[in-house]
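Please look through the structure shown here with attention to its charged pairs and its nonpolar interior. The paragraphs after it take these topics in turn.

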Amino acid sequence: MAIVIILDNMKKINPLDDLNLRKFYDELYKREQEENPAYQIYDQLRVNYIRQLINEYGERVLIIGCGARQDANIFDQRVYAFDLSWYAVNRLKKHNFLRFVGNSLDIPLPNNSFDVIVCSEVLEHIPDIDRAVREIYRIIKPSGILIVSSPNWHSLFGLVRWIAEKVLRKSIHSSGQIYDDWKTLKKYTSELSPYFKVEKIRGVWYLPPLHYREKGLSASWMNLIYKAYSPLENYLSKFLPAFGHLIILRLRAEKQS
């Protein structure tokens, strides 16, 4: 049976990081959104690439921001997982995880605890990213592996968002997120150093935006397009990772034993 722990040590660090932010994510994860076929393919690609980047699991693994996606399917072993939202954490009840509600700015776990940490599409939603990165660095073991990912400004999605913001003269955030600071490879690498060193990079999704929330092409059309496109996706992911809609980094903790 999975264990659920609520560790509520949230501090007033940032105006965005308060009860209202937790309420926003609770409402987001309470809704049952139907994922369109393009999004399902995209998210499966994300999970597959993360799994490929983790070639050494170790005994202790942590997922930060377990959310409503398929991150739980990355691992066969029992892992730790937390999210700011109770509803996100509760979605993992079918998995044999030690899961808890927590805050990535004050992670309630001991120093040097984990061999592998996965933090996928999370850091772009944290205004005080430096503090979050330092907390991850604190709890990861020396030479531990960190996997992070973020939507990428240097992509077709980034271009569409940039044009839309210029035309509408306002910021556009995915799923109505309160804070949505997309990265570039250069920016992400800068934010994660000097705590972590990049070892590998993969890009995900080089097609135009074919999925937006519940909207998108039909399953038959999307499967046809992806069947023809998948060899190109694999090539671009390896050789032009900095231009995928999503950039995934595998990093090594720069700390001594």
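In this predicted model, the side chains of aspartate 115 and lysine 141 come together in a salt bridge, with 3.4 Å from N to O. Because aspartate 115 belongs to strand β5 and lysine 141 to strand β6 (residues 140–151), the pair ties together parts of the chain that are 26 residues apart in sequence. Lysine 141 has a relative accessibility of 25% and therefore counts as partly exposed, since buried is reserved for values under 20%.

That pair belongs to a wider set of charged contacts, for a search of the whole structure finds 15 salt bridges. Another joins glutamate 121 to arginine 46, where the closest N and O atoms are 3.8 Å apart. Glutamate 121 sits in the loop between β5 (114–120) and α4 (129–139), whereas arginine 46 is in helix α2 (residues 37–53), so this pair ties together parts that are 75 residues apart in sequence. Glutamate 121 is buried, its relative accessible area being 14%, and arginine 46 also counts as buried, at 1% relative accessibility. These two residues take part in a network of salt bridges that links Asp43, Arg46, Asp71 and Glu121.

A further salt bridge is formed by the side chains of arginine 161 and aspartate 180, at 3.7 Å from N to O. It links distant parts of the chain, with arginine 161 in helix α5 (residues 156–168) and aspartate 180 in the loop between α5 and α6 (185–192), 19 residues apart. Both arginine 161 and aspartate 180 are buried.

Turning to the nonpolar interior, which residues of the largest nonpolar core touch the most other members? Of its 37 residues, they are Ile54, Phe75, Ile147, Val204, Trp205 and Ile248. The elements that contribute two or more residues to this core are α2, β2 (61–64), β5, β6, α7 and β10 (246–253), and the largest share, nine residues, comes from α2. Isoleucine 147, when its neighbours within four places in sequence are left aside, is in contact with Ile50, Leu53, Ile54, Ile117, Val118, Cys119, Ile248, Leu249 and Arg250. There is also a second, separate core of 30 residues, which includes Ile129, Ile139, Leu146 and Ala253.

Finally, serine 230 is found in helix α7 (residues 219–239) and, with a relative accessibility of 17%, counts as buried. The C-alpha atoms of serine 230 and tryptophan 205 are separated by 9.5 Å, although these residues are 25 residues apart along the chain.

Terms used. Residues are numbered from 1 along each chain as its sequence is written. This is a predicted model: local features need pLDDT of at least 70, side-chain atom pairs count only at pLDDT 80 or more; totals for chains, interfaces and linings use all residues. Side-chain values use heavy atoms; hydrogens and water are left out. Helices (H or I, at least four residues) and strands (E, at least two) are DSSP runs, numbered from the N terminus. Buried means under 20% relative accessible area, exposed over 50%, partly exposed in between (1.4 Å probe, protein chains only). A salt bridge is a side-chain nitrogen of Lys or Arg within 4 Å of a carboxyl oxygen of Asp or Glu. A nonpolar core is a set of buried Ala, Val, Leu, Ile, Met, Phe, Trp, Tyr and Cys residues joined through side-chain atoms within 4.5 Å. Contact means heavy atoms within 4.5 Å.
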